[in-house]
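Please load the chain in your viewer, show it as a cartoon, and keep a selection prompt ready. The stops below go from the whole chain to single side chains.

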Amino acid sequence: MSFKTLLLALLVGATPLLPAADSPVVEARLKLISTTRPLVGVGIARGKKAEGIVIPTDMFSEEIIYRGPARFELFELNTVAKPTESIPTTSEKEESSAKARPARGIKAREPSHEFVPSGRPPLAWIDLPANQGRLNLILLVTPGKDNGITALNDVPGSFPPGSNRYFNLCGFPVIVKTPSGEQAIPPGGTKVIRPGAKDNDYYDLQLVTKTDGADRLAFSSRIFHMESIRKLYLLIQAPGDNARLIVRDIEDRPPSAKGGTLTSVGPKGGK
C-alpha cells in the first residue's frame with residue numbers, strides 16, 4: 001500500500017469532533033439525568049477539548065445550551081491540572097517570602113483544570129432531530145443500554161413547576177391516581193399531571209398496574225407537594241413481580257433568586 005493510499009484510509013476512518021461544513025447544526029436546551037449512578041468525569045466534545053459536566057440521579061443537571069452536530073455524544077474525560085500561575089524557583093520563593101512576611105493568611109490559588117476526551121468510544125449518544133428550531137429536551141442517560149440516551153420533549157409550558165411527569169418504562173399500562181383524578185399511561189408513554197393538591201401540603205398517590213385483566217395496587221405513598229418544583233417519576237417494573245413497581249422521583253428546582261448558570265457547549269457565538 002502506498003503512503004498516499006494509507007493516508008487516505010486513515011482520514012476516512014477518523015471521527016471528527018466538529019461537524020462537517022455541510023452537516024446540520026442542532027441547537028438545544030438540555031437537562032440530563034442518570035438512571036444508574038451519578039456520572040462524573042464525563043463531558044461533551046468542544047472542538048478538540050471537552051466541557052465537563054455532572055449528571056445526577058435524584059435531580060436534573062444544570063441546563064446545557066448545546067450547539068453542535070446532530071449526534072450528541074457523552075465522553076469519558078481525562079482531567080489535567082493546569083496551574084493558573086507559573087511555578088516559582090527556590091530563589092524566587094525566598095525573595096517573595098521575605099517581601100510578604102508582614103502579610104499573613106494568604107492562601108495559594110487552587111489550580112484550574114482542563115478536560116480532554118479520553119480517546120475511548122462515546123459513553124452514550126443520541127441523534128437529535130435537525131431543522132426543527134431550538135429543541136428543549138430531557139435526556140435520560142443509561143450507559144451500556146443500546147445507545148445509552150433516551151430523550152423526552154420538554155417544550156416550554158408543557159411540564160411547568162407544580163406538575164408531575166410520569167414515564168412508564170413497564171411493558172403494561174399503569175394508572176396514576178391523585179386527588180385530581182385517574183390517568184392511564186400506556187407502556188413507554190408519558191403524561192404530565194397536576195396532583196390537585198395545595199402548595200406545601202400532602203396528598204395520596206397510588207399507582208395501579210393492569211396485568212392479566214386485573215387491577216393491582218403496585219405503589220402507594222403520601223407525597224409532599226410544592227408548586228415551586230416539578231418532578232419526573234420513572235415507573236419501573238420490579239424484577240419478576242408485575243404487582244410491584246420501582247418508582248424513582250427526580251426533582252427539578254428553579255434557579256435560585258441570584259440566577260442559575262447555564263452551561264454553553266458549542267462553537268463560540270452559539271446561544
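Helices (H or I, at least four residues) and strands (E, at least two) are taken here as DSSP runs, numbered from the N terminus. With that convention, the secondary structure of this predicted model comes to two helices and 18 strands.

**The whole chain**

Select everything before going to details: the chain has 271 residues, of which 32% count as buried. Its exposed surface is about 16,500 Å², and carbon and sulfur atoms supply 53% of that area. If you draw the contacts between residues at least 6 apart in sequence, 65% of them join residues at least 24 apart.

**The cavity**

How many cavities of 30 Å³ or more does the count give? The count comes to one, and the volume of the largest cavity is about 50 Å³. To display its lining, select Gly162, Ser163, Asn164, Tyr203, Ile223, Phe224, His225, Met226, Ile229, Lys231 and Tyr233. Colouring this selection by element shows that strand S15 (214–225) and strand S16 (230–238) are the ones that give two or more residues to the lining, with S15 supplying the largest share, three residues. Colouring by class instead gives six nonpolar, four polar and one charged residues in the lining.

**Salt bridges**

Next, show the side chains of the charged residues, among which the count of salt bridges comes to twelve. Begin with Arg67 and Glu27, whose closest N and O atoms are 3.2 Å apart. This pair links distant parts of the chain, since Arg67 belongs to strand S4 (residues 64–69) and Glu27 to strand S1 (residues 25–34), 40 residues apart. Arg67 counts as partly exposed at 27% relative accessibility, and Glu27 is likewise partly exposed, with a relative accessible area of 28%.

Move on to Glu227 and Arg194, whose side chains meet in a salt bridge with an N to O distance of 3.4 Å. Glu227 lies in the loop between S15 and S16, while Arg194 lies in the loop between strand S13 (190–193) and strand S14 (201–211), so the salt bridge ties together parts that are 33 residues apart in sequence. Are these two side chains buried, partly exposed or exposed? Glu227 counts as partly exposed at 33% relative accessibility, and Arg194, with a relative accessible area of 41%, is partly exposed as well.

A third pair to select is Arg253 with Glu251, where the closest N and O atoms of the salt bridge are 3.1 Å apart. Here Arg253 counts as partly exposed at 48% relative accessibility, and Glu251 is partly exposed with a relative accessible area of 21%. Then add Lys31, Asp154, Arg230 and Asp252 to the view, which are joined into one network by salt bridges that share partners.

**Pro179**

For the last stop, centre on Pro179, in the loop between strand S11 (174–178) and strand S12 (181–185). With a relative accessible area of 52%, Pro179 counts as exposed, because the cut-off for that class is over 50%. Which residues does Pro179 touch, leaving aside those up to four places away in sequence? Its contacts are Pro195, Gly196, Tyr203 and Asp204, and Tyr203 is also one of the residues that line the largest cavity. To finish, draw a distance between the C-alpha atoms of Pro179 and Leu205, which are 26 residues apart along the chain and separated by 8.1 Å.

Technical notes:
Residues are numbered from 1 along each chain as its sequence is written. This is a predicted model: local features need pLDDT of at least 70, side-chain atom pairs count only at pLDDT 80 or more; totals for chains, interfaces and linings use all residues. Side-chain values use heavy atoms; hydrogens and water are left out. On a 1 Å grid over the protein atoms alone, a cavity is a set of points where a 1.4 Å probe fits but cannot get out, and a pocket is an open set with protein on both sides within 12 Å along at least five of seven lines; lining residues have an atom within 4 Å of a point. Grid points are joined across faces, edges and corners, and a volume is the space filled by probe spheres set on the points. Ala, Val, Leu, Ile, Met, Phe, Trp, Tyr, Cys and Pro count as nonpolar, Asp, Glu, Lys and Arg as charged, and the others, Gly among them, as polar. Buried means under 20% relative accessible area, exposed over 50%, partly exposed in between (1.4 Å probe, protein chains only). Contact means heavy atoms within 4.5 Å. Accessible areas come from the Shrake-Rupley method with a 1.4 Å probe; for residues, only the protein chains shown count as cover. A salt bridge is a side-chain nitrogen of Lys or Arg within 4 Å of a carboxyl oxygen of Asp or Glu.
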